[in-house]
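The following exercises train the reading of a protein model, step by step. Study the sequence and the structure first, then attempt each task before reading its solution.

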Amino acid sequence: GSGLCLALILITACPSQRSSQAKSSTKTRPISYASAVEPMEALTAWIVSQLKSSSGNTIGLAIPAMTALMGATEARHLFAASGGIKYLSRQLRSGGKKQASAKTSSDKKPKTPASVQQLYELTFCLWTMTYELEGSANIRADFAKDGLAVAALTELVSVAPREKVVRVALAGLKNLAICTSENDAGPAGTPTIDGAVFLNDMIACGLMKAIDFLKDRQFTDPDVVEDVTILHKLLAKNYKDLTRWEVYQNEIESGHLQWGSVHTEAFFKENASMMEGSDGDFRIVKVLIALLSSKDEDVAAIACYDIGEFVRHYPNGRAIAKRLGAKELVMPLIEHENADVQRHALQCVSKIMVQNWEFVK
C-alpha cells in the first residue's frame, strides 16, 4: 500500500543506507535525510497508532511499512522513541495467547495461515529491534519495561505456532540474553540493564521449561538448534546463581505468574518471612494484591493462592493482608466466571477470615 511505498522512499535518505545505494547501478537523485525525518516521524507515529489498535485488519495495513522501516537503524530508533517496542510486544502477547487458545480448544480447526504469517512479521520486527540493544541504553530500557517483550517472545516459543515464528523469537531472546551495556551504559545513577536482567525475566516467564522441550524437538534450521543450545546454557548458569526466593521475587515483579514449585505450601513455609522485604514495606505482597486485578486468569488465581499462603505462614499475616486491602480485591473474584479463580479466591478469603483455616478446608 501507500504506507509501504512511502517507507521505501524515506529509508533511502537514511545515512545507514548510503553504502547499499552506492553499490546500486541505478542513478537517482538522493533525498536529504533532514527533509525525510519529519515525514518518517509521522509515518512511524501512524504505525504505532495502528499497533495500539486491537483490530488485526488495521495492524495488517501497517505491517509492510513497519517491516520496511526496520531496514534502517535511524528508523528503528525513531520507532523505539515513539513507544513502538511496548505496543509491538503487546500485540505479540495478544497474538500468542490467541494461538495458545486455538491450540488447546476442543474445536481442532487449523490455525489460519494469515494469523501465523502476521505473528511471524510482528516477531521479525521485534527481533530486528534487538540489533539496537548494544548501542542504546534507552532501547534496552524499553525492552526491559514491564518485561513485556521477554514475556511475548517466551509465549511464542512455548506455543510454537510454526518453526519460522519460533526461529525469530529465539533469535530475539538470544540477542536480549547476550546484550551488554559497554557501548552505552546510560545516565549515571540508573540501574544497569544488560543480558543478566533479561535472563532473570526469561526465568520468571518460564522460558527454561520451553527450552527444555525444544531441545528434544527436531528442527530443520541449524540456527534454531544453535540458539536453543546457547539459551539453555545461559539460563542454566543464571538459574544456578539465583536462590529460590530470588526466582520467586523476579517472577512476581515481572507480573507473569505461572504455577510451579514457588507457588506451594512448602515454599511459603520456608520463605514467608522474606515477604516483608528488606525495608519492611511488604512490597511483594503489595504487588500480589495489584495482580489480583489482572485480566490473565492464571495470574489472578496464583495471586489469590500466594496471598492466602502468606496469610497462613507469616505471623500476623491476616492483619497485614487486610490492612493492605487484599480482602476487598479478592471478594469479587469469588464470583469470577473462571472456576479456578473462583476456587482460589474463596480459599484465600477463608484463610484471611478464619484463624485455623487448615481445620476447615
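**Exercise 1. A helix and its buried residues**

Which residues are buried in α20? Determine also how they are arranged around the helix axis.

*Solution.* The model is a predicted one, and the steps below apply to that model.

Step 1. Helix α20 covers residues 339-353, which makes 15 residues. From its first C-alpha to its last it reaches 21 Å, close to the 21 Å expected at 1.5 Å a residue.

Step 2. The buried residues in α20 are Val-341, His-344, Ala-345, Cys-348, Val-349, Lys-351 and Ile-352. Viewed down the axis of α20, these buried residues fall within an arc of 160 degrees, so they line one face of the helix.

Step 3. The buried residues of α20 pack against α17 (297-313), α18 (317-323) and α19 (326-330).

Step 4. At the start of α20, Asn-338 places a side-chain oxygen within 2.9 Å of the backbone nitrogen of Asp-340.

**Exercise 2. A second helix, with two sides**

Which residues of α13 are buried, and which are exposed on the other side?

*Solution.* Step 1. Compare the span with the expectation. Helix α13 (residues 222-240) has 19 residues, which should span 27 Å at 1.5 Å a residue; the end C-alpha atoms are 27 Å apart, so the two values agree.

Step 2. Val-224, Asp-227, Val-228, Leu-231, Leu-235 and Asn-238 are the buried residues of α13. They fall within an arc of 110 degrees when seen down the helix axis, and therefore line one face of α13.

Step 3. On the other side of α13, the exposed residues are Pro-222, Lys-233, Lys-237 and Lys-240.

Step 4. The cover over the buried residues of α13 includes α10 (163-178), α11 (195-204) and α12 (207-215).

Step 5. The N-terminal end of α13 is capped by Asp-221, with a side-chain oxygen 2.8 Å from the backbone nitrogen of Asp-223.

**Exercise 3. Cysteines and disulfides**

Why is there no bond between the sulfur of Cys-348 and the closest cysteine sulfur?

*Solution.* Step 1. Recall that a disulfide is a covalent bond between the sulfur atoms of two cysteines. The cut-off required here is a pair of cysteine sulfur atoms within 2.5 Å.

Step 2. The cysteine sulfur closest to that of Cys-348 is in Cys-304, at 5.3 Å, and this is too far for a bond.

Step 3. A search of the whole structure finds zero disulfides.

Step 4. Cys-348 counts as buried because its relative accessibility is 1%, under the cut-off of 20%. Cys-125 is buried as well, with a relative accessible area of 0%.

**Exercise 4. Contacts between distant parts of the sequence**

Which residues does Ile-289 touch, not counting residues up to four places away in sequence? Treat Ala-137 and Thr-128 in the same manner.

*Solution.* Step 1. Ile-289 lies in helix α16 (residues 283-291) and is buried, with a relative accessible area of 5%. Beyond four places in sequence, Ile-289 touches Ile-307, Leu-324, Gly-325, Ala-326 and Leu-329. The C-alpha atoms of Ile-289 and Ala-321 are separated by 8.7 Å, although these residues are 32 residues apart along the chain.

Step 2. Ala-137 is part of helix α8 (residues 137-144) and counts as buried at 13% relative accessibility. With the same exclusion, Ala-137 touches Asp-184, Ala-185 and Gly-186. Ala-137 and Pro-187 are 50 residues apart in sequence and 8.5 Å apart in space, C-alpha to C-alpha.

Step 3. Thr-128, in helix α7 (residues 113-129), is buried with a relative accessible area of 9%. Leaving aside neighbours within four places, Thr-128 is in contact with Met-70 and Arg-76.

Step 4. Turn to the whole chain. Among contacts with a separation of 6 or more, residues 24 or more positions apart account for 70%.

**Exercise 5. Two loop residues**

Where are Asp-146 and Asn-316 found, and are they buried or exposed?

*Solution.* Step 1. Asp-146 is in the loop between α8 and α9 (148-159), and at 53% relative accessibility Asp-146 counts as exposed. Asp-146 is not a glycine, yet has a positive phi of about 60 degrees.

Step 2. Asn-316 is in the loop between α17 and α18 and is exposed, with a relative accessible area of 57%. Its positive phi is about 65 degrees, although Asn-316 is not a glycine.

Notes: Residues numbered from 1 in each chain as written. Predicted model: local features only at pLDDT ≥ 70, side-chain atom pairs only at ≥ 80, totals over all residues. Heavy atoms only, no water. Helix = DSSP H or I, 4+ residues; strand = E, 2+ residues; numbered from the N terminus. Buried < 20%, exposed > 50% of the residue type's maximum accessible area, 1.4 Å probe, protein only. Contact = heavy atoms within 4.5 Å. Expected span 1.5 Å × (residues − 1). Arc of directions from axis to C-beta. Polar contact = N/O pair within 3.5 Å; in protein donor to acceptor, adjacent residues only side chain to side chain.
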